[in-house]
Amino acid sequence: MPLFLIAFFSLLYPFLSDLSDTNNNNKRFVISLPVDRSEIVLSNYVKALLFLIMNLTILYLLSIFMPSYKSVNFESIVLTLLVSILIISLYYPLLFTLGIKRVIYAIVGIILGCFILAPYIANLLTKNKLDFIMEMSESGAFIIIVLLATTLIFFLSIKYSTFITSVA
């Protein structure tokens, strides 16, 4: 199974649970609990990360123990993890700022945009106009920079989400 599908399904769980919470009007109950709103925000991030790590671990173990399963290297799992963390870092601030209905519209727009831009990106890749990105991604420094940037964006996302929920 391709890594992007694992990342997609890993990110689908938090999205669907947030959608279910909204449909069941669970927000009133959660806010009435004797916990800070910042703890509620952190629990959402932890939930998404745990589910993501669990799915990636299962994928990695399947690739090791099942010979018919396509082999997955550790670097591709780390990059998938980092990209998924970036998506989580964008999703929750949007959720707490805009609400679930507007986030659904944004996700549909992004997916449609990807389909519209896919031929253009494929054209760039076939004409070797993006070779510098491929060369950069093979260096160890690139992964460290991406790791640091992802970590910074993730913590800024938590801070922003906590701020938004404390103001509301």
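A residue is called buried when its relative accessible area is under 20%. By this criterion, buried residues account for 26% of the 168 residues in the protein chain of this predicted model. The accessible surface of the protein chain amounts to about 11,500 Å², and carbon and sulfur atoms contribute 74% of that area.

The protein chain contains seven helices and zero strands, so that, from the N terminus on, its elements read α-α-α-α-α-α-α. Among contacts between residues at least 6 apart in sequence, 81% join residues at least 24 apart.

Three of the helices were compared with the span expected at 1.5 Å a residue. Helix α3 (residues 37-65) has 29 residues, and the distance from its first C-alpha to its last is 42 Å, close to the expected 42 Å. Helix α4 (residues 74-98) has 25 residues and reaches 36 Å between its end C-alpha atoms, close to the expected 36 Å. For α7 (140-167), the 28 residues should span 40 Å, and the end C-alpha atoms lie 41 Å apart, which agrees. After α4 comes Gly99, which has a positive phi near 95°.

In soluble globular proteins, nonpolar side chains tend to be buried together. The largest nonpolar core of the model has 18 residues, of which Tyr45, Ile88, Tyr91, Tyr92, Leu95 and Phe154 touch the most other members. Helices α1 (3-23), α3, α4, α5 and α7 each supply at least two residues of this core. Ile88 is among the buried residues of α4. Apart from residues up to four places away in sequence, Ile88 touches Leu11, Tyr45, Ala48, Leu49, Leu52, Pro93 and Phe154. Of these contacts, Tyr45, Ala48, Leu49 and Leu52 are listed among the buried residues of α3, and Phe154 is buried in α7.

Not every buried position in these helices is occupied by a nonpolar residue. The buried residues of α3 include Asn44, Asn55 and Ser63, and those of α4 include Thr80, Ser84 and Ser89. In α7, Thr150, Ser157, Ser161 and Thr165 are buried, as are Phe154, Ile158 and Ile164. The cover over the buried residues of α7 includes α3 and α4.

Two of these positions were examined individually. Asn44, in helix α3, counts as buried because its relative accessibility is 11%, below the cut-off of 20%. With neighbours within four places in sequence left aside, Asn44 is in contact with Asp18, Tyr92 and Phe96. Tyr92 is itself one of the buried residues of α4. Ser89, in helix α4, has a relative accessibility of 3% and therefore also counts as buried. Outside the residues up to four places away in sequence, Ser89 touches Ile153, Phe154 and Ser157. Both Phe154 and Ser157 are buried in α7.

Nonpolar residues also occur on the surface. Val108, Leu112, Ile116, Leu117, Tyr120 and Ile121 form a nonpolar patch with about 620 Å² of accessible area together. Tyr120, a member of this patch, is found in helix α5 (residues 100-126). Its relative accessible area is 53%, so Tyr120 is exposed, the cut-off for that class being over 50%.

Key. Residues numbered from 1 in each chain as written. Predicted model: local features only at pLDDT ≥ 70, side-chain atom pairs only at ≥ 80, totals over all residues. Heavy atoms only, no water. Helix = DSSP H or I, 4+ residues; strand = E, 2+ residues; numbered from the N terminus. Buried < 20%, exposed > 50% of the residue type's maximum accessible area, 1.4 Å probe, protein only. Contact = heavy atoms within 4.5 Å. Patch = residues over 30% accessible without salt bridge, like charges linked within 9 Å, V, L, I, M, F, W, Y side chains within 5 Å. Areas by Shrake-Rupley, 256 points an atom, 1.4 Å probe, with all protein chains shown as cover. Salt bridge = Lys/Arg side-chain N within 4 Å of Asp/Glu carboxyl O. Expected span 1.5 Å × (residues − 1). Core = buried A, V, L, I, M, F, W, Y, C linked by side-chain atoms within 4.5 Å.
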